[in-house]
Amino acid sequence: MNIAVAKTDKMDMAGANLASVVARQPDAGQVADARRDALAAFQRIGLPHRRIEDWKYTDLRALMREVLPVAPAPDAAALARAEAAVKLHAIDGVRRLVLVDGALVPSLSDLTALEAGLSIRSLRDALDAGDDRLLSLDNANPMTALNTALMTDGVVIEVADGAKPARPLHILHIASGGAPAAMFTRSLISIGNNAAATVVESYVASEGAGVYQVHDAAVIAIGDGARLDHVRLIEDSREAFSIAAAEVRVGAHAHYNVVGIATGALVSRYSSTVTIAGEHAQVETNGVNLLNGKQHADTTLVMNHDVPHCVSREGFRAVADDRGHSVFQGRINVRQPAQQTDAKMMTRALLLSDEAEADNKPELEIFADDVTCGHGAAIGALDDQLLFYLRARGLAEKEAEALLIQAFVGEAIEAIADDNLRELAIGAAERWLAARG
């Protein structure tokens, strides 16, 4: 029997997208080869579907259905709309890096007077310089492969050994609100030995933006004795699709603290693989999904303990109202050399309606025999007795529910070290609660 791969219109669109990206950003040598190989890897699978275990609960063939055309370089009208969005989402005391429709815009970014030891470049400059770290993501994930093939721009942030920039770095991804389009961005965050930095990423849309797709990927390297605090805020349009992935490598005696909060986008998924490669490292990952309507949000985390004497903590909270659907998949892998590992994972979901859904799948895979590991999952509704207690003291039903929801998600948000960024996350949660009425 002769077997042939039949290309669908969706796969042809991916190929057409690659042609448009290369026309905009000429590539040669290693980059060109990586793009072609990645496109072939995506076309072998296409959009991931429920028969792929890691995508069992997030079937993009059914949810997203197609890859939109790559967004063109932002014109004057797009930049004007983006400038208004920048003012709306500005954060005091940060260094702002603005990506509009997948392109770094220096005129809206703060790229001058960089602190000693801090370097910021665009993706294109890094690829032109032959920086192959940006090509290291695994093409086994079809959406990461698609990102490799079609990445148009991004930011490369490097903090030298011993440097500690005083101002957090704010990467602001803005959809300008033009015709339906897809944005493909890739960034690198490299923290040198004994260095420290705070990075916050916001995904937002200009006023009036409707359907669009965000395809983002990041490579993060944390050196020995370094610290990175990382905050991710998903506040995209309620018609948007946000698909992101990250690969993180943590050195010895290093500390990685990441908090993600999703309140926007119709469909969002964040896939993160963290490899603890140095002894006595510590990793904290916390996440919150706040969903209503028909929103679908998926957080998939893989924690690899490769060496001894390390600690990891994974905490995830979800609140789903209406027909919201929250997914958490977490896996802790403890390799045989990783003795005296201390790893714990806990996921909790709160369902506010009969049609809301939460799928939690924590996993442990342990090959070492001297470890302290545990995982758990819980799903439930608001406590009727607590609601009665609050209402008996004069609070309206919605106010009482909001107070209990704030307490439920507060533990994850409190993990944000920076006071201003913590208030920013609390504000996002409060806006979601206010929208419930």
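Confidence first: this is a predicted model, and the average pLDDT over the chain is 91, with 94% of the residues scoring at least 70. The weak spot to know about is residues 1–8, where pLDDT is below 50. Leaving aside near neighbours in sequence, that stretch makes 3 contacts in the model.

Now for the domains. An unreviewed UniProt entry puts "SUF system FeS cluster assembly SufBD N-terminal" at residues 30–171. In the model this span is 34% helix and 15% strand, and its end C-alpha atoms sit 27 Å apart. The record also annotates residues 180–408 as "SUF system FeS cluster assembly SufBD core", again in an unreviewed entry. Here the make-up is 9% helix and 59% strand, with 36 Å between the end C-alpha atoms.

Let's begin with a helix. H2 covers residues 29–45, and its geometry can be checked on the back of an envelope: at 1.5 Å a residue, its 17 residues should span 24 Å, and the end C-alpha atoms are 25 Å apart, which agrees. The buried residues of H2 are Val31, Ala32, Ala34, Arg35, Ala38, Leu39, Ala41, Phe42 and Gln43, so the list takes in Arg35 and Gln43 along with residues such as Leu39 and Phe42. Just past the end of H2 comes glycine 46, with a positive phi of about 75°.

Next, strand S4, at residues 155–159. 5 of its 5 residues are buried, so the rest of the structure largely encloses this strand. The burial applies to both faces: Val155, Ile157 and Val159 point to one side, while Val156 and Glu158 take the other.

Who pairs with S4? Strand S3, at residues 118–122, runs antiparallel to S4 and is joined to it by 5 bridges. Within that pairing, serine 119 has glutamate 158 as its bridge partner, and Glu158 is among the buried residues of S4. S4 also pairs with strand S6 (residues 182–191), this time in the parallel sense and over 4 bridges. There, valine 159 stands opposite isoleucine 191. In general, strands of a sheet pair through backbone hydrogen bonds, and either direction will do.

Then there is a 10-strand open sheet with mixed pairing, in the order S2-S1-S5-S7-S9-S11-S13-S15-S17-S19. Its edges are S2 (103–104) and S19 (372–380); each has a single partner strand, so one side of each is left without a neighbour in the sheet. Further in, S11 (residues 255–262) and S13 (residues 282–291) run parallel and are joined by 8 bridges. One place to look along that pairing is valine 259, which stands opposite asparagine 286 in S13.

Finally, a couple of backbone oddities in the loops. Most residues other than glycine have a negative phi. Asparagine 194 goes against that, with a positive phi of about 60°, and it lies in the loop between S6 and strand S7 (196–205). Aspartate 322 is another non-glycine with a positive phi, near 55°. Look for aspartate 322 in the loop between strand S15 (311–320) and strand S16 (325–334). Is aspartate 322 buried or partly exposed? Its relative accessibility is 37%, so aspartate 322 counts as partly exposed.

Definitions and conventions
Residues are numbered from 1 along each chain as its sequence is written. This is a predicted model: local features need pLDDT of at least 70, side-chain atom pairs count only at pLDDT 80 or more; totals for chains, interfaces and linings use all residues. Side-chain values use heavy atoms; hydrogens and water are left out. UniProt positions are given in the numbering used here, feature names are shortened, and annotations may be inferred rather than shown by experiment. Helices (H or I, at least four residues) and strands (E, at least two) are DSSP runs, numbered from the N terminus. The expected span of a helix is 1.5 Å times one less than its number of residues. Buried means under 20% relative accessible area, exposed over 50%, partly exposed in between (1.4 Å probe, protein chains only). Two strands pair if DSSP finds at least two bridges between them. pLDDT is the predictor's confidence in each residue, from 0 to 100. Contact means heavy atoms within 4.5 Å.
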